[in-house]
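This report describes the fold of one protein chain, the setting of selected residues and the packing of a helix pair. The sequence and structure are shown below.

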Amino acid sequence: MSHFEFDFNEDGSIHAIYKDGKPYEGGVSLESPNSVARTYFEIAIRELAAMKAEDDPDFYSSDNRSHGLQAFLMSLVGTEAFLNVYFHVAGLQIGSEAAVDLATNEKTIEHKLAHLPRLIWGEPLPGSKKLCAKIRELYNLRSNLVHPKYAPSSIAMQGMIIAGVFDNPQKLFEDREFCREALRWCLLIVARIGVRGSPTDSRFVEFWTGISDTNETLSAALGVPPDDL
């Protein structure tokens, strides 16, 4: 952990900055760890709010696709950032090198979700297997987006053949409700960890994501029990 020290002039201005005991010439801009994940989730909710229902007179599929893709991708990035940062901090607090190592390595998100709670609390989250399966389902969609594969098709109609077209997976993200549900599943992971790690903190989800949901509201919206899956 880096340590910064400031020397001040008599007028209160900064005379010198030291990082780990050595002079430091750069500027210092430090933020609370929650700001990392929160930034991504706030982008996701803004993009989701910009989407229109198909029966809206202002609905344009290309606009919805653009906003939906951003909402979906930022939801997943936010979830991964939350797991990495939250469990890194938790690992440092209890002195678990194994938790810190897992939180900072390149294991899959479902591997971290399955094993980090065990390392911190000695047991998995309630409904862990289903949560891991759901996040893997969402990450498989993400992989299709960020590593697209062209599978050409052709269409024949009225004696005409159109070749080289393909089924673009991006069109799935024109659906506002699909993108909203994906965000809720990501938020539910944050909420379930909050229930286990900070059971009296009713604003845990809001602190980490900027979105004022709880385990109860998210579970109800997704139609799952609030104490399991």
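In which helix is Y86 found? Y86 belongs to helix α2, which covers residues 61-94. The model in which this residue is placed is a predicted one.

**Overall architecture**

The secondary structure of the protein consists of eight helices and five strands. Along the sequence, these elements follow the order β-β-β-α-α-α-α-α-β-β-α-α-α. Of the 229 residues in the protein, 34% are buried. The accessible surface amounts to about 13,600 Å², and carbon and sulfur atoms account for 52% of that surface. Among contacts with a sequence separation of 6 or more, 61% link residues that are 24 or more positions apart.

**Selected residues**

Four residues illustrate local settings within the model; the table gives the location and relative accessibility of each.

| Residue | Location | Relative accessibility | Class |
|---|---|---|---|
| Y86 | helix α2 (residues 61-94) | 11% | buried |
| E174 | loop between β5 (160-165) and α6 | 16% | buried |
| E181 | helix α6 | 39% | partly exposed |
| R118 | helix α4 (residues 109-121) | 46% | partly exposed |

Y86 counts as buried because its relative accessibility of 11% falls under the 20% cut-off. When residues up to four places away in sequence are set aside, Y86 touches W121, I193, G197, F204 and W208. The C-alpha atoms of Y86 and V100 lie 10.0 Å apart, with the two positions 14 residues apart in sequence numbering.

E174 is found in the loop between β5 and α6. Is this charged residue buried or exposed? With a relative accessibility of 16%, E174 counts as buried. The side chain of E174 forms a polar contact of 2.7 Å with the side chain of R65. R65 also appears among the residues that E174 touches beyond four places in sequence, together with M51, F59, S61 and N64.

R118 is located in helix α4. A relative accessible area of 46% makes R118 partly exposed. Outside its neighbours within four places in sequence, R118 is in contact with E123 and P124. A separation of 9.1 Å is found between the C-alpha atoms of R118 and A99, which are 19 residues apart along the chain.

E181 lies in helix α6 and is partly exposed, at 39% relative accessible area. Not counting residues up to four places away in sequence, E181 touches K134 and L222. E181 and F72 are 109 residues apart in sequence, yet their C-alpha atoms are 9.6 Å apart in space.

**Packing of α6 and α8**

Two packed helices are described by the angle between their axes and by the distance between those axes. For helix α6 (residues 176-197) and helix α8 (residues 215-222), the axes come within 9 Å and cross at roughly 140°. The crossing of α6 past α8 is left-handed.

Which residues of α6 meet α8? On the α6 side, the contact involves E181, R184, W185, L187, L188, A191, R192 and V195. On the α8 side, the partners are N215, L218, S219, A221 and L222. By class, the residues of this contact comprise eight nonpolar, two polar and three charged. E181 thus takes part in the contact between α6 and α8, and L222 of α8 is one of the residues that E181 touches.

Key
Residues numbered from 1 in each chain as written. Predicted model: local features only at pLDDT ≥ 70, side-chain atom pairs only at ≥ 80, totals over all residues. Heavy atoms only, no water. Axes fitted to C-alpha atoms, helices over the stretch in contact; angles between N-to-C directions. Helix = DSSP H or I, 4+ residues; strand = E, 2+ residues; numbered from the N terminus. Left-handed = near helix turned anticlockwise from the far one by under 90°. Contact = heavy atoms within 4.5 Å. Nonpolar A, V, L, I, M, F, W, Y, C, P; charged D, E, K, R; others polar. Buried < 20%, exposed > 50% of the residue type's maximum accessible area, 1.4 Å probe, protein only. Areas by Shrake-Rupley, 256 points an atom, 1.4 Å probe, with all protein chains shown as cover. Polar contact = N/O pair within 3.5 Å; in protein donor to acceptor, adjacent residues only side chain to side chain.
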